[in-house]
Amino acid sequence: MTAFTVAVVLVVAVAGLLRWRRPAWYWLTFGITLAGLRVLVRYASVMDACGLTVPPSRWRLALARMTNRPAPDPRAPRILRLRPTRTGLVLRIKLRPGQDAFDVSAATDRLRHSFGMYGVTSNEVRSSVVEIRMTGYDVLKRVQMPAQLDHAPMRVPVALREDGAVHYRDYRAVPHGLTLGATESGKSVYQRNLVAGLAPLDVALVGIDCKQGVELFPLARRFSALADNPDTALELLEVLVAHMQEVYQLIRAQQRISITTPDEEIAADIWDLPTDVRPVPVVVLVDEVAELALFATKDEEKRRDRIVTALVRLAQLGRAAGIYLEICGQRFGAELGKSITMLRSQLTGRTAHRVNDETSANMAFGDISPDAVLAAVQIPTDMRGVAIAGDSTGGWTRIRAPHTSLRQAVNICNKHADRVPDLPALEPFRPAVAPLPSAPMPLAKPAPATA
Ligand SMILES: Nc1ncnc2c1ncn2[C@@H]1O[C@H](COP(=O)(O)OP(=O)(O)O)[C@@H](O)[C@H]1O
Ligand SMILES: [Mg+2]
């Protein structure tokens, strides 16, 4: 008896300790079973309490009356599937007649309390089938990306979403992106994760970092071109516009449409070209975009106008030529001068880190979703790296990138240095770097400010 008590106390103590210090391990060991049982046992009563039941149908009432039985209970949506995941549970339910997906999404907060979960979100999978995703703990507190990731071409896993799923930056679906955030909110870490994710892919990386290159120059070995001042940035952007035009010529030459050409072989962008002639896609990363758009003198103003024009052209026409823009800044509104809002309207993928006021958040989400604006303003200061990511359907979700240190990103870039593609046009902007040391540097060594 005493041995049994000791064992029980020990197990409870271990569970408590895990839950406190390592919520992810707790979830995988104890949490998953307890939560699964809790959801199944409480399901009917919770649905009833949350107003997600419908009264019994007429024929059931009539049947009860005819057979002299008590009136049947209200009915909850039918459970189609309960699937445990690494971070929570996914419950798929079939709605009863008269219910809609909005009823469920309006009740998610009540469901969260009733099932004792950390977060609950819902979305409609198809007509009358709703998926309720629940997380067992705060997955954004210590971001751990799953080992199994989906690797499609030009699709980079960058962050974890609050419902435990992976947030991908998919360049082919959403070619251009805008990342906003106050200073020290995690923009550069997000961009660093993007670079680390893009490094192993067949893509040319171009960086414009007018903060004297402190963020991108350490990663120089994987970059095809880097600019650390507005003058070089202008030359670089104009070279890219010329490159874009060459790619369009190539696509034109490859089209050779005749009456017999099958529809699927007509090339309209680089991904339709045969692999042996397809030009490499180019991702242009711009950190602190305001440095390119602000000016003090007349000459600087001219330069600024040319830079913004080049950016607008790349944003408008770049997608089919495989040129993708990824712009980071603290604000991105009309106060940066003319054509900025035009450029912004082309940047579909919006991400907002913590911002200090609603107008800054409006620059990311004002034209997409008002709830997202509020959510971006409400990100707490001590949760750096948490961001709101929107999609073009008007939905949004809270995400956080893993805290990749500069040293880790440098090691990844050095490892894939041989993947820098051969682009003669960008050769003059190729950063000069010392040859690689034979052994990778230890992680603990402080990162150099510039390379
Ligand atoms: N995803 C994250 N997880 C944990 N800490 C983060 C994360 N992103 C940023 N931070 C912290 O915030 C600090 C500032 O981030 P940084 O990306 O340099 O901000 P910004 O570029 O917006 O000024 C980083 O040094 C890091 O300590
Ligand atoms: Mg920064």
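**Figure 1. Leu-180 and its partner across the strands.** In this close-up, Leu-180 stands opposite Ala-352, a residue of strand 12. Keep in mind as you look that this is a predicted model. Leu-180 belongs to strand 7 (residues 177-180), which runs parallel to strand 12 and is joined to it by four bridges. Now turn to strand 13 (residues 386-390): it pairs with strand 12 too, but in the antiparallel sense and over two bridges. Here Ala-352 shows up again, standing opposite Ile-388 of strand 13. So what covers Ala-352's strand: is one face left open, or are both faces covered? Both faces of strand 12 (residues 349-352) are covered, with Gly-349 and Thr-351 buried on one side and Arg-350 and Ala-352 buried on the other.

**Figure 2. The stretch that UniProt marks as a binding site.** An unreviewed UniProt entry puts the feature "binding site" at Gly-181, Ala-182, Thr-183, Glu-184, Ser-185, Gly-186, Lys-187 and Ser-188. Let's pick out two of these residues, starting with Gly-186. You'll find Gly-186 in the loop that links strand 7 to helix 6 (187-198). Is Gly-186 buried or exposed? Gly-186 is buried, because 25 other C-beta atoms lie within 10 Å and the cut-off for buried is 20 or more. Setting aside residues up to four places away in sequence, Gly-186 touches Gly-181, His-353, Arg-384, Gly-385 and Ala-387. One of these, Ala-387, falls within strand 13 (residues 386-390).

The second pick, Ser-188, sits in helix 6. Ser-188 counts as buried as well, with 21 C-beta neighbours inside 10 Å. Apart from its neighbours within four places in sequence, Ser-188 is in contact with Glu-215 and Asp-287.

**Figure 3. Helix 6, closed in from end to end.** How many of the twelve residues of helix 6 are buried? Twelve of the twelve are, so the rest of the structure largely encloses this helix. The buried list includes Lys-187 and Ser-188, which also appear in the UniProt feature. Further along, Tyr-190, Gln-191, Arg-192 and Asn-193 are among the buried residues, as is Leu-198. As for length, the end C-alpha atoms of helix 6 are 17 Å apart, which agrees with the 16 Å that twelve residues should span at 1.5 Å a residue.

**Figure 4. Helix 2 and its bend.** Helix 2 (residues 23-49) has 27 residues, yet its end C-alpha atoms are only 29 Å apart, while a straight helix would reach 39 Å at 1.5 Å a residue. Where does helix 2 bend? Look at Tyr-43, where helix 2 bends by about 65°. Its buried residues are Pro-23, Tyr-26, Trp-27, Gly-31, Ala-35, Val-39 and Met-47. Some of that spacing will look familiar: an α-helix has 3.6 residues a turn, so residues three or four places apart point the same way. The cover over the buried residues of helix 2 includes helix 1 (2-21), strand 1 (78-84), strand 2 (88-94) and helix 5 (108-115). Helix 2 is followed by Gly-51, which has a positive phi, near 75°.

**Figure 5. Two loop residues with a positive phi.** Most residues other than glycine have a negative phi, and most peptide bonds are trans. Met-154 isn't a glycine, but its phi is positive, at about 60°. Met-154 is placed in the loop between strand 4 (129-135) and strand 5 (155-161). With 19 C-beta neighbours inside 10 Å, Met-154 counts as partly exposed. Glu-288 is another residue other than glycine with a positive phi, near 50°. Glu-288 lies in the loop between strand 10 (282-287) and helix 8 (290-293). Glu-288 is partly exposed too, having 18 C-beta neighbours inside 10 Å.

**Figure 6. Stepping back to the whole chain.** The chain is divided into domain 1 (16-135) and domain 2 (155-429). Their centres, taken over C-alpha atoms, are 40 Å apart. In secondary structure, the chain comes to 13 helices and 14 strands. Along the principal axes, its C-alpha atoms fill a box of roughly 90 × 65 × 45 Å. Of the 451 residues in the chain, 37% are buried. Among contacts between residues at least 6 apart in sequence, 65% join residues at least 24 apart.

Conventions:
Residues are numbered from 1 along each chain as its sequence is written. Chains are lettered from A and ligands numbered from 1 in the order in which they are written. This is a predicted model: local features need pLDDT of at least 70, side-chain atom pairs count only at pLDDT 80 or more; totals for chains, interfaces and linings use all residues. Domain bounds come from an automatic or database domain assignment. Two strands pair if DSSP finds at least two bridges between them. The expected span of a helix is 1.5 Å times one less than its number of residues. The bend at a residue is the angle between axes fitted to the seven residues ending there and the seven starting there. Two residues are in contact if their C-beta atoms, placed from the backbone, lie within 7 Å. UniProt positions are given in the numbering used here, feature names are shortened, and annotations may be inferred rather than shown by experiment.
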